[in-house]
Structures are given as structure tokens and as C-alpha cells.
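Here is a short set of questions and answers for a first look at a structure. Keep the view open as you read.

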Amino acid sequence: MAQISLTFPDGNARDYAAGVTPAEVAASISKSLEKKAISASVDGAHWDLQWPIDRDAAIAIHTLADDGPALELIRHDLAHIMARAVQEIWPDVKVTIGPVIENGWYYDFDRAEPFTPEDLGEIEKRMKQIIAAREPVRTEVWPREKAVAHYEANGEPYKVELIDAIPGDEPLRMYWHGDWQDLCRGPHLQHTGQVPGDAFKLMSVAGAYWRGDSSRAMLQRIYGVAFKNRDDLKAHLHMLEEAAKRDHRKLGREMDLYHMQEEAPGQIFWHPNGWSIYTTLQDYMRRQQRAGGYVEVNTPQVVDRKLWEASGHWDKYQEHMFIVEVDEEHAREKAVNALKPMNCPCHVQIFNQGLKSYRDLPLRMAEFGSCNRYEPSGALHGIMRVRGFTQDDAHIFCREDQIEDETKRFIDFLSEIYRDLGFENFRVKFSDRPEVRAGSDETWDKAEAALKNATIAAGSEFELNSGEGAFYGPKLEFVLTDAIGRDWQCGTHQVDFVLPERLDATYIGADGAKHRPVMLHRAVLGSFERFIGILIEEHAGKLPFWLAPRQVVVASIVSEADEYVHEVVAKLQKAGVRAEADTRNEKINYKVREHSVGKVPVILAIGHREVEERTVTVRRLGEKQTEVQTLDAIVGALSAEATPPDRRD
RNA sequence: GCUGCUGUAGCUCAGAGGUAGAGCACUCCCUUGGUAAGGGAGAGGUCGAGAGUUCAAUUCUCUCCAGCAGCACCA
């Protein structure tokens, strides 16, 4: 029999008979490895312990000691075990797919009755029985017809559809967990007992469309999480609890930032504290934009449909627009208007006033543009996804050959702002041409290359979002993550060849002829609303001092100190610090607790001693330690801290 | 928008076919207390909206609205 050579991760190689399985390889190394082995990698491909190897290869045996492929396999098999448990309890449930996801897996089922939380408990119990039974996993490769016939006979239409979607030359693998059978490309465990029975948990059930298509059946998706041991599971559940405490919707209430109510779904009632954050951020952005070479403009909210027809929004975006029709009773002419969902068409109107020269380009036109979009009800989420919001929007009108420079310049601009706001790390997604698009391939080639080159030149790495570009041009998205791990697009930078054409924007080139400018749509924060939500979650409510709505509370310990408290507050306010007095008839403990919950960064406590010595006792949020400082010293220090980052030396 | 769940005092939540309760917050009184809740009293609710069943609905049914989770959407 032919010999093959297998190379181990440590660089050593050994010869085996061709057709050897990783299980046999593991056994040849040690009894304990044979027992602990979960799966293998063969030349980087994830390999079942029972699959033969018939060529020279690099091999690694995976155990649960390493987090990677072995844990993934556990999660994968748990998906099958869950599907089996469900079908054992409810034989008429139809099974579909169940992939591994971050921290666990899900499986989609078709069942008339909804799964209840009690059902989840029952499924989990049955899963534990299956694991305890150490059911063997075995596999067979089936001809396509046999598999289709099997699933048709068993009334599993989803599986038949899945088989249809598998390329004809790929072998169809059938797996059995005990008596229960599923279609799966593998690899798999050797038996169900390899799953740590106390390290998984079913989390939730929710609807999900079959094949992600909203025109197709709504299935029930059960989510589970799994880890290599019980401690990891507990740590994960604890992390979820901690994350829930950072939720901006909870902190927004505790910090008295804003509220929302039924009469205005998806819109925000900003309270004084929240509005303070908003305006502080806006002031900062305005300064940055000025320094960055932008001009600021402002454009109408309610605009005649004619403009939206010209821009193409009426056609492509109408269902997301608030349409405004004036009652004929009190209007002479009944015009149909729409609240602007975007600022771009209005900016082109400003660009189009008067003749523009190539000398005017690049023209960077910024607006804190209030937009209204009729977002689907299910998409609304706190202040992160709303129907009324304000973008830190700008459009750069430039020549094609300026795209790269402007892109690089923008990424630098955004990076500095994100750094100032406490985001050292953000992800960049690059979306290239979609199937349906405007403009020639040649133009797309140039635009894509310009974005890519600029991103690399700016020192950022990007993930490719293949085919996800806008129909009018490629784009970069700058993504931040919220407390619960959900991604939110904040910054964006998009090339647009179409709108200048549709709205007939031109400039006079050096050759004296009219030319079409390119538009770059760009935003750093995205929207103030979303960004503030992210900011709150990122900092768990403990905003950087300069952004905190109430920076200092000066709290009296005894009422004899009230006069001095007001003097301290006045001094701080004069020095540009947002300070308040708390002279209520409450104990200092009570005041400290209340303002700590409210995330006030600094509490200055004042009793007899401080009055006599003209000092304050400083307590910083999150610190138990206090510190006595003279009034002048603390006013100077806090005044410096209150200075926004762009104004510091 | 779709599936499921939820909606009771400002907040967090309990409750039941016979028109409601707790803690915190709020108001007043006592207390002047040294770093995460001092004590007492009081006030506060068309039980999300509408319709139906019933002698009687906040409770059961239906419709709608909003919120939550996920999916779809996010040009």
C-alpha cells in the first residue's frame, strides 16, 4: 500500500498508509490524544476524524483545549442534536438549516405552533439526554436521487430545495446521530458524548425568512450558545448581563438624556442633558469641518416632489419618504411635497447656483442636515435607528482625478475625530460594484481603485463587501459596534456619478468647456442620534469630561456650606464648566449615589472644613478615593478638562 | 414590513372576571448627616387605544397603536 507523509504543526513528519484517518493518526501518537481528539485540519481544511487522507499533507489534530475548529464542531453538532431533539418531541416539524454563528448556532424550523420558552427548556432537556447517550455519528455518501427521494418521502421540502442548490458534482453526505438523519457536508463528531453537556444553552426563538427572502416562508429560528466548558458559558452569560447595563436606552433614561413616545415613533424628545451632548458634539464637528476646508450650508425640509422626481428618489425611495400633502381647504394649490430623506439633491441646487469653475473644485459642502425617513417599524432601535435624525452630511464636488486625494483626506479627517471621541478602533468596509448599476465599467474601475488606494494610503485595513455598493458608485463604510455586539454603520464615503448627471451639475473646465463633477457623499458621525447612542454604549455612560452633560455637581454636606457651594458653582461656570449645586436636605451618601447613577464625572463635596479652608473634596466617578484641593486649583484643572480635544494644545 | 413576545403610577415590576398593589422617584415634616439609598407622613393610575362577549372587563376575544428580540430593509 502507498505511503503518505503527514506533517504535524511542530514541523515533524511521519509516514502513514494512504487512506489513514485522523482518528488513527491521533491513536498513533497517544491514547490521550485519541480520546480527546474532536476533529482535524488537513492542509487547512476542516477534516472529520473518519475521513481518509490519501496524499501528503499538513495535519493538525484538534481538541477542545484549543478554541478554534473543535469548538466550532461542537457548536455544529449541537445544531444537529437540537434538530433531532425537536423532531423527537414534535415529529411533524420540518427541518431546514442550522449553521454555526459567533458563540453558538441556530437552527430554523417550520412548525405551525410557535415555540414557547417552556418548549426551549424541554428541547434542552432532550438534548442533554442525547448527549448523555453518547450516540454514535456515522456518515454515508448518497446519490442525489436517493437523497431527494428520501426527503420527498419524509415530507421535508426544505431539504429537497437545499439539495437542488448544491452543485451537481459535490457528494451528498448523510449523517446519522443515532437513528436521526440529516443532510450535512460535515465534518462531525464521533459521538454525541463529545459535546460538553453543561456548556450550552438555548437562548431565544425568533422568526427568520427561509433563505433570507422576505417573500418566502417565515420559519422559527432557535438560537443557542455553546462553549468548551461550563465556566466559559457562565462567563458569556455574565458578559451579556454586563452588556445590557450599557444599553443606551437604559442609560438614556438613567442619565435623563431623552425620551420617546407613541405619538412620534422613531423620533427623539431630547432632554436638557441629552441636548447638551448633542450641541457639544455639533459645536466640535462644526469647528472640525471649518478647519477641514468645508463650507456649511442649510437647506429646506419640505421640498416639492418635482425635485425628488428629478433626483430619482421618487422612483427608488418613495416608500421611505414622508409625503406631505396640504389640505385643499386651506391651500390654493395642492402641491405634493416630501420631507427630505437626504440632503444631496438640495446641495446640488446650491452648487448649481451660478457658474462653477474648475478652480472652485473640490468644493466641500457640509450641512447638519435634518432628515426624515419612513423606516420600517421593525428596524427602529432606540436612538440608533430612527425616523427623524440629523446627519453630519457633506458633499464634495470634485473631478474624477481628485477622488483619491479627497478620500484619503476624508479618512484622515474621520480618524482624528473618532480618536478624539474615544474610538481607537473602527472597521472599514469597502463595497464594490453591484449587479445593477449606473455608469460604465471603466468609470467603476477608476472609482474603486481610487477608494482602495486611498484607504491603503490612509493606513486602514478594509473588509470587502462584494457587490454591496450603491447603484451610483462604490462606497466605504466606517463601522462601530454597540454594547450588545451589533454593528452600526456610522461614517460613510460614497462616490456618485449619477446624481450630478440627473440634476445637471456642471463646472467650466480649464478648457472652457462644461464638465460633469463627481459627488462624494460623506459623513463622519453618520447621524448625531446614532453616534450619541454608540458613544453612550462605548463609554457605558461615563462620557469623556468635555462631552458630559453635567460635568460637576457641587454637593453640600451641611447647609451652612450652601453659600460657599454657590460660589464654587459660579466660579466653575465662569471658567466654562457645566456645574450644578446640590444643596438639598439629603445626606452626602445619598447625593453621591444619585449623581454616580447619573454618571456625573466629578462630585465636589463641601462641609465645614472646606468652607473654612476654601478647598473642595473631589470625588471622581468610579473612584472611591477622594482628594482635597484648593478652589483655584480645581477650577483650573476642571476648566482644562472641559476643553474639547481640538482646542487643547 | 414579517414572526413571536410585551404594554398596570415618572421608573422597575406584582396582581386578579366584581372597577388595583410594592419598592424607588415625587411633595411635606423630622433629621445637618463626611462619600453609592437616614426616618415618618402624603399625593399619584380611564390598567396602551377601540370594539365584542358578559349582569359585570383592566382581566376573556378581536382589531389597531407602540415597545422588545430576530429576520428582511438601511438607496
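A polar contact is a pair of N or O atoms within 3.5 Å. Keep in mind that this is a predicted model.

Q: How far is a sugar or linking oxygen of RNA strand B from an N or O atom in the side chain of Ser214?
A: A polar contact needs two N or O atoms within 3.5 Å. The side chain of Ser214 offers one such atom, and RNA strand B offers a sugar or linking oxygen. The distance between them is 3.4 Å.

Q: Which residue has a side-chain N or O atom 2.5 Å from a base nitrogen of RNA strand B?
A: Ser377 reaches a phosphate oxygen, at 2.7 Å. The base nitrogen is 2.5 Å from the side chain of another residue, Tyr209.

Q: Which element gives the most to the surface near RNA strand B?
A: In total, 52 residues surround the strand. Several elements give two or more residues to this surface, including β12 (200–209) and α18 (588–597). With 7 residues, the element that gives the most is α18.

Q: Is the pair of Trp270 and Trp275 tilted or stacked?
A: Planes under 30 degrees apart count as stacked, over 60 as edge-to-face and the rest as tilted. The ring centres of Trp270 and Trp275 are 6.5 Å apart. Their planes are at 50°, so the pair is tilted.

Q: Is Tyr278 buried or exposed?
A: Tyr278 forms an edge-to-face pair with Trp270, at 5.7 Å centre to centre. Buried means under 20% relative accessible area. Tyr278 has 4% relative accessibility, so it counts as buried.

Technical notes:
Residues are numbered from 1 along each chain as its sequence is written. Chains are lettered from A and ligands numbered from 1 in the order in which they are written. This is a predicted model: local features need pLDDT of at least 70, side-chain atom pairs count only at pLDDT 80 or more; totals for chains, interfaces and linings use all residues. Side-chain values use heavy atoms; hydrogens and water are left out. A residue is near a molecule or strand if one of its heavy atoms lies within 4 Å of it. A polar contact is a pair of N or O atoms within 3.5 Å; within protein, one must be able to donate a hydrogen and the other to accept it, and residues adjacent in sequence count only if both atoms are side-chain atoms. Helices (H or I, at least four residues) and strands (E, at least two) are DSSP runs, numbered from the N terminus. Rings of Phe, Tyr and Trp (its six-membered ring) pair if their centres lie within 6.5 Å; planes under 30 degrees apart count as stacked, over 60 as edge-to-face and the rest as tilted. Buried means under 20% relative accessible area, exposed over 50%, partly exposed in between (1.4 Å probe, protein chains only).
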